[in-house]
Amino acid sequence: MQDALKKQAAAAAIQYVKNSRIIGVGTGSTVNHFIDLLAPIKHQFEGAVSSSEASTERLLAMGIPVLDLNAVGTLDVYVDGADEINSNLELIKGGGGALTREKIIAAASKSFICIADQSKLVPYLGKFPLPIEVIPMARSYVAREIIALGGQPVWREGFTTDNGNIILDIQQLEILEPRQLENQVNNITGVVTTGLFAERSADVVLLASESGTQTLSLEKQ
Ligand code: 5RP
């Protein structure tokens with residue numbers, strides 16, 4: 001059922017990309033549905049900027065050209081999933097470990113459309129362990145700094161990001177001030193980035209449930 005809702009959210013995003021020349025594409029099982037749904041309309045746009053090797057592989061398999069962000073400038077639209085979403089459309093992302101490239105594309109896009117099933121909407125961020133990408137030699141140092149902030153870092157052993165780094169998943173955080181925590185964690189030397197998307201939150205969340213797909217946007221609240 002959850003997978004059907006992910007597909008429903010992905011389908012709702014298609015109307016948001018219809019007039020875009022180049023589409024920013026995230027990572028994960030919800031985005032995989034979105035990529036599949038892009039295939040039949042691939043002649044309507046030039047290509048995609050991808051946030052991971054996994055999405056790149058899937059896009060190319062569908063015959064969708066993958067472009068270098070450096071060559072295309074600001075994107076009109078970026079579509080991606082999330083692990084948690086709050087009512088301010090701030091997100092935790094990085095369950096799939098692609099958070100840094102995802103954050104870069106979100107920053108470089110005019111509009112960020114987040115697609116998810118309703119289970120991702122939460123009152124407070126932090127039940128889902130917050131992923132942070134870390135330079136490998138800084139792992140222990142960063143872990144100590146996270147403990148000092150009140151978090152419980154767990155090394156995602158055996159996992160290397162597309163950028164050659166490691167992930168620490170921070171447990172036991174009740175994130176009451178997402179922007180503040182994002183900046184604090186990003187400020188720790190050795191952290192590449194955190195999976196908190198608060199400084200650059202989503203513009204629109206398409207949230208699928210059995211009764212339909214709800215559109216959340218801050219203008220409407
Ligand atoms: C990957 C992500 C994904 O968007 C997030 O983990 C949600 O994944 P899914 O769509 O499989 O539930 O941030 O780094």
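**Close-up legends**

**View 1. Arginine 139 and tryptophan 155.** The charged end of arginine 139 sits over the ring of tryptophan 155, at 3.8 Å from the ring centre. A charge sits over a ring when NZ of Lys or CZ of Arg is within 6 Å of the ring centre and within 35 degrees of the ring normal. The model is predicted: local features need pLDDT of at least 70 and side-chain atom pairs count only at pLDDT 80 or more, while totals for chains, interfaces and linings use all residues. Residues are numbered from 1 along each chain as its sequence is written, and side-chain values use heavy atoms, with hydrogens and water left out.

**View 2. Tyrosine 78 and phenylalanine 112 form a tilted aromatic pair.** The search of the whole structure gives 2 aromatic pairs (rings of Phe, Tyr and Trp, the last by its six-membered ring, with centres within 6.5 Å; planes under 30 degrees apart are stacked, over 60 edge-to-face, the rest tilted). In the pair of tyrosine 78 with phenylalanine 112, the centres are 5.2 Å apart and the planes make an angle of 45 degrees. The two residues are 34 apart in the chain, and the pair links distant parts of it: tyrosine 78 belongs to strand S3 (residues 75-80) and phenylalanine 112 to strand S6 (residues 109-117). Strands (E, at least two residues) and helices (H or I, at least four) are DSSP runs numbered from the N terminus. Tyrosine 78 is buried (under 20% relative accessible area; exposed is over 50%, partly exposed in between; 1.4 Å probe, protein chains only), since its relative accessibility is 0%. Phenylalanine 112 also has 0% relative accessibility and therefore counts as buried.

**View 3. The aromatic cluster is made up of Tyr78, Phe112 and Phe197.** Phenylalanine 197 has a charged group above its ring: the end of lysine 103 sits over the ring, 5.1 Å from the centre. Tyr78 and Phe112, the other two members of the cluster, are also matched in the backbone, where phenylalanine 112 is the bridge partner of tyrosine 78 in S6.

**View 4. Strand S6 pairs with S3 and with strand S12 (residues 204-209).** S3 and S6 run parallel and are joined by 5 bridges (DSSP must find at least two bridges for two strands to pair). S6 and S12 likewise run parallel, joined by 5 bridges. Valine 204 of S12 is the bridge partner of isoleucine 113, and alanine 208 of S12 is the bridge partner of aspartate 117. Of the 9 residues of S6, 7 are buried, so the strand is largely enclosed by the rest of the structure.

**View 5. Strand S12 is covered on both faces.** On one side Val204, Leu206 and Ala208 are buried, and on the other Val205, Leu207 and Ser209 are buried. With 6 of its 6 residues buried, S12 is therefore largely enclosed by the rest of the structure. Besides its parallel pairing with S6, S12 pairs in the antiparallel sense with strand S13 (residues 212-217) over 6 bridges. Leucine 206 faces threonine 215 of S13. The connection between S12 and S13 is a hairpin of 2 residues.

**View 6. Leucine 89 has a positive phi although it is not glycine.** The phi value of leucine 89 is near 65 degrees. The residue belongs to the loop between strand S4 (84-85) and strand S5 (91-92). Leucine 89 counts as buried because its relative accessible area is 0%.

**View 7. Glutamine 172 is a further residue other than glycine with a positive phi.** Its phi is near 60 degrees. Glutamine 172 lies in the loop between strand S9 (166-171) and helix H7 (178-186). The relative accessibility of glutamine 172 is 64%, so the residue counts as exposed.

**View 8. Valine 122 lies in the loop between S6 and strand S7 (130-134).** Valine 122 has a relative accessible area of 18% and therefore counts as buried. Its C-alpha atom is separated by 9.8 Å from that of leucine 91, and the two residues are 31 apart along the chain.
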